[in-house]
Amino acid sequence: MGMRAASGVGQVLNLDTLVRLQRGRQAPATPHRLPLPAGMTAPMGCDAVAAPARYGPLVLPRLPRVGCVFADEAHWWWLVPADSDYALEWPAPAQYAAGAVVPDAPAVPGLIHRPDGTLPYTPPIPLYLALCRVMGTTPTWSRPISA
C-alpha cells in the first residue's frame, strides 16, 4: 500500500520510504574525530574528555601540563591517552569519547591549545581531579562506601 506524493505526480511513497525519511530526520550530527596536529604522535592511542565550554577556562590553570585542547561553542575537548576511562567515573556533565570521536558536533572543533613537543596528551588524573573540583563532584575513590 503506498501514498501518492502531494503533487499527484507519479512518485509512490511506501511505508519503508516513510520510515527511512523519518530516521534520517532524527539522525544525530555526523561524528568527527579530533585530528592530531602535524608533527604530533599518539603512541598510547588517543581518546578525549569533553566538558561544557563554561568549565574550560576554570580547568586550564589547574593542570600541570596541558595537551591538545579543542573547542567549539558547546564544549572543550582534551586529548588523553587511550583507555583513560579505565576505573574512572568521569564527573557529569563531562563526557568521555573513545577514539577522540566527537559524537554530536556539527563540525570538527577547533584546536585552541597545542603543547610543545610531540605528545598531544593532557595527563588524565590531573584532568579528572580538576574537572571534579570545578564541577563540585567528589572523586569516586574519595566517596564513602555503603554496606
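Which residues have the most contacts inside the largest nonpolar core? I looked this up in a model that is predicted.

**Entry 1. The nonpolar cores**

I found that the largest nonpolar core has 22 residues. Val-59, Leu-63, Trp-78, Trp-90, Leu-127, Leu-131 and Met-135 are the residues with the most contacts inside this core. I then noted which elements give two or more residues to the core: strand E4 (47–52), strand E5 (69–71), E6 and H3. H3 gives the most, with seven residues. Apart from this core I recorded another, of 14 residues, which includes Met-40, Phe-70, Trp-77 and Ala-97.

**Entry 2. Strand E6 and its partners**

I turned next to E6, where six of six residues are buried. Which residues of E6 lie on each of its two covered faces? I listed His-75, Trp-77 and Leu-79 on one side, and Trp-76, Trp-78 and Val-80 on the other. For two of these residues I looked up the accessibility. Trp-76 has 14% relative accessibility and therefore counts as buried, the cut-off being under 20%. Trp-78 is buried as well, at a relative accessible area of 0%.

I then examined the strand pairing. E4 and E6 run antiparallel and are joined by six bridges; within this pairing, Ala-50 has Trp-77 as its bridge partner in E6. E5 and E6 also run antiparallel, with three bridges between them, and Ala-71 stands opposite Trp-76. I noted that E5 and E6 form a hairpin, with three residues between the two strands.

**Entry 3. The aromatic pairs**

How many aromatic pairs does the structure hold? I counted three. In the pair of Trp-76 and Trp-78, the ring centres are 6.1 Å apart and the planes stand at 45°, so I entered the pair as tilted. The rings of Trp-90 and Tyr-128 have centres 5.5 Å apart and planes at 85°, so I entered this pair as edge-to-face; the angle is over 60 degrees, the cut-off for that class. This second pair links distant parts of the chain. I placed Trp-90 in the loop between strand E6 (75–80) and strand E7 (95–97), and Tyr-128 in helix H3 (residues 124–135), with 38 residues separating them. Both Trp-90 and Tyr-128 are buried.

**Entry 4. The surroundings of Trp-90**

I followed Trp-90 further and found that ring pairs link Trp-90, Tyr-96 and Tyr-128 into a cluster. Leaving out residues up to four places away in sequence, I listed what Trp-90 touches: Val-49, Ser-84, Asp-85, Tyr-96, Pro-124, Leu-127, Tyr-128 and Leu-131. Trp-90, Leu-127 and Leu-131 are among the residues with the most contacts inside the largest nonpolar core.

Notes
Residues numbered from 1 in each chain as written. Predicted model: local features only at pLDDT ≥ 70, side-chain atom pairs only at ≥ 80, totals over all residues. Heavy atoms only, no water. Phe/Tyr/Trp six-rings, centres within 6.5 Å; stacked < 30°, edge-to-face > 60°. Buried < 20%, exposed > 50% of the residue type's maximum accessible area, 1.4 Å probe, protein only. Helix = DSSP H or I, 4+ residues; strand = E, 2+ residues; numbered from the N terminus. Core = buried A, V, L, I, M, F, W, Y, C linked by side-chain atoms within 4.5 Å. Contact = heavy atoms within 4.5 Å. Pairing = 2+ DSSP bridges.
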